[in-house]
Amino acid sequence: VLGVEMMRNVSGTAAANNLRGAAWVDKEWCDTDFVWPMAFSDMLAQYQQRYDLDKAHVAAIAQKNYHNARLNPNAQSRKWQFAEGAFSESDELNPPVAGHIRRQDCGQVSDGAAVVFLANADKARDYAKRRGIGFESIPQIKGWGHINAPMLFQEKLNHADKRGYLFPHVARLFQQVLSRAGLGSIHDVDGLEVHDCFNITEYMILDHAGLYPPGEAWRGIEAGVSQLGGALPFNPSGGLIGGGHPVGATGVRMLLDAYKQCSASAGDYQIEGARNMMTFNLGGSATTCASFLVGR
């Protein structure tokens, strides 16, 4: 399975225009040059309205992912340096892009490629035998899930749980994957690689994972739960913000990083003792969501 994307051969504005076609720009976010930042600005606004979200908590996600990226030799931002205040609400140090979204809230415009090789159990046993390695040491796909929601953001909001989850379908996907993998809860997972196209996206995914009641994912941010070394690390690779987001390669890269973690080959961003890793990828404003559970 190969994913590849070239995006940096054009300007940022041209790249944004190339991605406009993935949104219903004639129905939503018509009056902005940057469709996807505006879409996820609206998601952030929903969290502020429903749960009084403090934007400092989503800024901490970006800081975490840039920090993790320094440990990843393939990360686009591994050598970047940030001035003090770069993750603040300063228009000079962290310029606004669209709506509530600022520069450091965003995933990167990236070139990149990733590949994984899939095999059935018989082929995998042959592979292990030829190389003198234990079959049990090869990570496998234990579970998977895929779920869709209405295309329009406003229509998704019409399906929101008024006293609970903003996107009930995202919470259902977590349960779908864990059930297929034969795991009891998210506490049986050692880490996640998720689609942090913006830091609010990672916050939303953490909020629906089942660790905390809806709207209380900030507790995990403050406790360091999702940091490398925490109870449930999110994006130890640096994710889309720190690692990069070559769109057509991102989902494959997540699966590859899950494999690396479960085979103890992730290097400096290795989660100690990782046996079960989850990926969470999405398209649109959480319109289509897909997930794998990889483990030994």
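# A tour around helix α7

Start by selecting Phe40, Met43, Leu44 and Tyr47 in α2, which meet Ile200, Thr201, Tyr203, Met204, Asp207 and His208 in α7. Contact here means heavy atoms within 4.5 Å. Sorted by class, the residues of this α2–α7 contact are 7 nonpolar, 2 polar and 1 charged. The nonpolar class holds Ala, Val, Leu, Ile, Met, Phe, Trp, Tyr, Cys and Pro, the charged class Asp, Glu, Lys and Arg, and the polar class the others, Gly among them.

The model is predicted: local features need pLDDT of at least 70, side-chain atom pairs count only at pLDDT 80 or more, and totals for chains, interfaces and linings use all residues. Residues are numbered from 1 along each chain as its sequence is written, and side-chain values use heavy atoms, with hydrogens and water left out.

**The α2–α7 pair**

Now show both helices whole: α2 covers residues 35–51 and α7 residues 199–208. Helices (H or I, at least four residues) and strands (E, at least two) are DSSP runs, numbered from the N terminus. Two packed helices are described by the angle between their axes and the distance between the axes. For α2 and α7 the angle is about 45° and the axes are 9 Å apart. Axes are lines fitted to C-alpha atoms, for helices over the stretch in contact, and angles run from 0 to 180 degrees between N-to-C directions. The two helices are therefore oblique to each other. On this scale, angles under 35 degrees count as roughly parallel, over 145 as roughly antiparallel, 65 to 115 as roughly perpendicular and the rest as oblique. The crossing of α2 past α7 is left-handed; that is, the near helix is turned anticlockwise from the far one by less than a right angle, whereas clockwise would make it right-handed.

**The α6–α7 pair**

Keep α7 on screen and add α6, residues 168–180. The axes of α6 and α7 come within 9 Å and cross at roughly 60°. That makes α6 oblique to α7, and the crossing is right-handed. Select Val170, Ala171 and Phe174 on the α6 side, and Met204, Ile205 and His208 on the α7 side, to display the contact. By class there are 5 nonpolar residues, 1 polar and no charged ones in the contact of α6 with α7.

**The α3–α7 pair**

Which angle does α3 make with α7? The axes of α3 and α7 cross at roughly 105° and come within 8 Å. That makes α3 roughly perpendicular to α7. From α3, pick His57, Val58, Ala59, Ile61, Ala62, Lys64 and Asn65; they meet Asn199, Ile200, Glu202 and Tyr203 in α7. The classes in the α3–α7 contact are 6 nonpolar, 3 polar and 2 charged.

Stay on His57, which lies in helix α3 (residues 55–69). Is His57 buried or exposed? With a relative accessible area of 12%, His57 is buried. Buried means under 20% relative accessible area, exposed over 50%, and partly exposed in between (1.4 Å probe, protein chains only). Leaving aside neighbours within four places in sequence, His57 is in contact with Tyr203, Trp218, Ile221 and Glu222. For a distance to draw, take the C-alpha atoms of His57 and Ala217: they are separated by 9.1 Å, with the residues 160 apart along the chain.

**Two positive phi values**

Most residues other than glycine have a negative phi. Go to Trp29, in the loop between α1 (12–20) and α2. Phi of Trp29 is positive, near 55°, and Trp29 counts as buried at 12% relative accessibility. Then go to Ala286, in the loop between β7 (276–283) and β8 (288–295). Phi of Ala286 is also positive, near 65°, and Ala286 is buried with a relative accessible area of 0%.

**Strand β1**

Select Val4, in strand β1 (residues 2–5). Val4 counts as exposed, at 52% relative accessibility. Not counting residues up to four places away in sequence, Val4 touches Gly112, Ala113, Gly248 and Ala249. From Val4 to Asp111 the C-alpha distance is 7.8 Å, across 107 residues of sequence.

**The whole chain**

Zoom out to finish. The chain holds 10 helices and 8 strands. Its radius of gyration is 19 Å, close to the 19 Å that the globule rule gives for 296 residues, so the chain is as compact as a globular protein of that length. The radius is taken over C-alpha atoms, and the rule is 2.2 Å times the number of residues to the power 0.38. The C-alpha trace spans about 60 × 45 × 40 Å along its principal axes. Of the 296 residues, 50% count as buried. Among contacts between residues at least 6 apart in sequence, 70% join residues at least 24 apart.
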